[in-house]
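Reader: I am new to this structure. Please take me through one part of it closely, and then show me what lies around it.

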Amino acid sequence: MYKSPSSALTACQIWLAKRNLDAVIINAKQNKFSHTGLLSTSGYLFITRTSQHILADSRYYHELSAKADSYQLHMTDTQHPASAIINQIIAQEKLACVGFEAEHLSYSQSLSLIEKINAEMSPICLDELRQIKTPPEIDTIKSACLIADCACAHIRQYIRPGMTEHQIANELEWFMKNEGAEKTSFDTIVASGVRGAMPHAKASQKVVEAGEFITIDFGAQYQGYCSDMTRTFLVEGNGDNSLQEHPLYAIYQVVLQAQLAAIAAIRPGVRCCDIDSVARSIISAAGYGDFFGHNTGHAIGIDVHENPRFSPTDTTVLQAGMQLTVEPGIYLPELGGVRIEDVVLVTENGCEVLYQMPKQLLTTGEDIQ
Ligand SMILES: [Mn+2]
């Protein structure tokens with residue numbers, strides 16, 4: 001599901017008026033999607049205060065004409081480049097100030113656009129229009145999360161000592177696609193043993209060994225929306241050693257405590273940096289502050305990483321309808337690491353965690369008690 005074009009369009013035209021702009025050229029796929037229902041880097045949207053246009057080449061024209069019938073569709077080709085069509089509309093509607101997504105264009109693309117378009121060009125950012133998710137978007141993200149949640153339960157039982165990280169990533173990705181995912185939200189992270197100390201270690205040919213910790217960070221893209229989930233497990237076959245004696249057991253408990261405390265603090269009206277601080281202060285108080293180098297979380301939607309962030313500096317105030325990850329971690333060089341990540345939906349009174357998968361330290365293979 002994508003936002004009904006009328007709600008995305010109305011929001012964009014209100015935004016134009018607020019910014020004193022006459023029109024905006026939209027090229028980022030995540031900002032076109034709610035209008036067109038198509039996740040494509042090709043083509044442009046041109047929205048003025050009184051009209052709305054999609055500019056696409058022959059590869060996308062017919063699909064778009066079926067999906068976005070409240071927009072004027074223009075076919076672009078070498079004789080009719082997007083800039084010429086936009087200039088025509090600018091002349092017809094007598095537009096003066098046009099916004100463009102500078103952060104989604106290269107420097108040379110920006111220069112070329114400024115040169116070709118007959119209007120005063122103003123760099124803008126449309127991110128704020130995606131921060132509060134609509135009910136249909138929330139439903140779709142919940143479905144993306146359900147796919148990840150089921151895949152997580154499956155992979156925990158699938159993992160055996162002797163498998164490579166690649167094998168585990170492949171199984172996980174196959175499972176999610178079989179459950180309806182279009183693709184993964186990002187390259188699957190499978191980090192076992194000492195590789196767990198690298199927060200973004202992509203799955204490798206390393207063989208997973210009994211008694212290691214294994215961190216799996218992955219997500220499904222479903223109907224254009226992303227999920228993002230991390231769990232750290234103990235690989236079965238730890239022998240007679242008790243779980244409590246594992247060198248990473250203590251940091252697991254600290255990360256879990258930080259993650260739960262951050263989630264408990266999430267509600268409308270709280271600043272994002274304060275949520276980061278809840279998690280960070282617990283990790284710092286336990287003596288691991290230097291080993292938690294990333295943010296506590298990020299908003300998620302059409303893009304896997306959106307704004308706002310649960311970072312030390314993001315003062316955005318939480319509102320109902322925002323969806324963010326909560327993913328503190330501790331990484332000890334040459335020893336390993338732990339990260340636990342959920343997606344949460346900010347509600348009127350607090351937040352809802354979108355995964356069912358338990359968070360106490362679980363061993364791979366066996367059934368959850
Ligand atoms: Mn994440």
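Is E327 buried or exposed?

Author: E327 is buried, with a relative accessible area of 9%. Keep in mind that this is a predicted model. E327 is a good place to begin, as it is one of the residues that coordinate the manganese ion.

Start with the metal site. The manganese ion is held by D228 through OD, H298 through NE2, E327 through OE and E341 through OE. The distances run from 2.0 to 2.3 Å. Along the chain, these donors follow the spacing D-x69-H-x28-E-x13-E. The two glutamates sit in loops. E327 belongs to the loop between β15 (323-326) and β16 (329-332), and E341 to the loop between β17 (336-339) and β18 (342-346), so the pair ties together parts that are 14 residues apart in sequence. What about burial? The cut-off for buried is under 20% relative accessible area. E327 has 9%, so E327 counts as buried. E341 has 0%, so E341 counts as buried too.

Now turn to the charged pairs. Side chains of opposite charge can pair when their charged atoms come close. The whole structure holds 17 salt bridges. One of them joins E128 and K18, at 3.7 Å from N to O. E128 is in the loop between β6 (120-123) and α6, while K18 is in helix α1 (residues 5-18), so this salt bridge ties together parts that are 110 residues apart in sequence. Neither end is buried: E128 is partly exposed at 34% relative accessible area, and K18 is exposed at 57%.

R130 and D127 form another salt bridge, at 3.6 Å from N to O. Here both residues are buried. They also belong to a network of salt bridges that links D127, R130, K133 and E306.

A further salt bridge links R271 with D274. Their closest N and O atoms are 3.1 Å apart. R271 is partly exposed, with a relative accessible area of 37%. D274 is partly exposed as well, at 31%.

E306 of the network leads on to a strand. Strand β14 spans residues 306-310, and P308 lies in it. The peptide bond from N307 to P308 is cis, with omega near 5°. Most residues other than glycine have a negative phi, and most peptide bonds are trans.

Two residues stand out by their phi. K94 is not a glycine, yet its phi is positive, at about 55°. K94 sits in the loop between α4 (82-93) and β5 (97-100). K94 is exposed, at 73% relative accessibility. Q223 has a positive phi too, near 45°, and is likewise a residue other than glycine. Its place is the loop between β10 (220-222) and β11 (225-226). Q223 counts as partly exposed, at 34% relative accessibility.

Next come the helices. Two packed helices are described by the angle between their axes and the distance between the axes. Helix α6 covers residues 135-158 and helix α7 covers residues 165-178. They pack at an angle of about 140°, with their axes 9 Å apart. The crossing of α6 and α7 is right-handed. On the α6 side, the contact is made by I147, A148, C150, A151, H154, I155 and Y158. On the α7 side, Q167, I168, E171, L172, F175 and M176 take part. These contact residues divide into 10 nonpolar, two polar and one charged.

Last, look at helix α8 and the loop before it. H246 is in the loop between β12 (229-234) and α8 (249-265). H246 is buried, at 11% relative accessibility. Leaving aside neighbours within four places in sequence, H246 is in contact with G211, E212, F213, L234 and N238. Q257 is found in helix α8 itself. Q257 is partly exposed, at 47% relative accessibility. Q257 and I282 are 25 residues apart in sequence. In space, their C-alpha atoms are 7.5 Å apart.

Back to your question, then. E327 is buried, and its OE is among the donors that coordinate the manganese ion. Its partner E341, with a relative accessible area of 0%, is buried as well.

Conventions:
Residues are numbered from 1 along each chain as its sequence is written. This is a predicted model: local features need pLDDT of at least 70, side-chain atom pairs count only at pLDDT 80 or more; totals for chains, interfaces and linings use all residues. Side-chain values use heavy atoms; hydrogens and water are left out. Axes are lines fitted to C-alpha atoms, for helices over the stretch in contact, and angles run from 0 to 180 degrees between N-to-C directions. Helices (H or I, at least four residues) and strands (E, at least two) are DSSP runs, numbered from the N terminus. A crossing is left-handed if the near helix is turned anticlockwise from the far one by less than a right angle, and right-handed if clockwise. Contact means heavy atoms within 4.5 Å. Ala, Val, Leu, Ile, Met, Phe, Trp, Tyr, Cys and Pro count as nonpolar, Asp, Glu, Lys and Arg as charged, and the others, Gly among them, as polar. Donors are N, O and S atoms within 2.8 Å of the metal (3.2 Å for Na, K and Ca); water is not among the atoms, so sites may look incomplete. Buried means under 20% relative accessible area, exposed over 50%, partly exposed in between (1.4 Å probe, protein chains only). A salt bridge is a side-chain nitrogen of Lys or Arg within 4 Å of a carboxyl oxygen of Asp or Glu.
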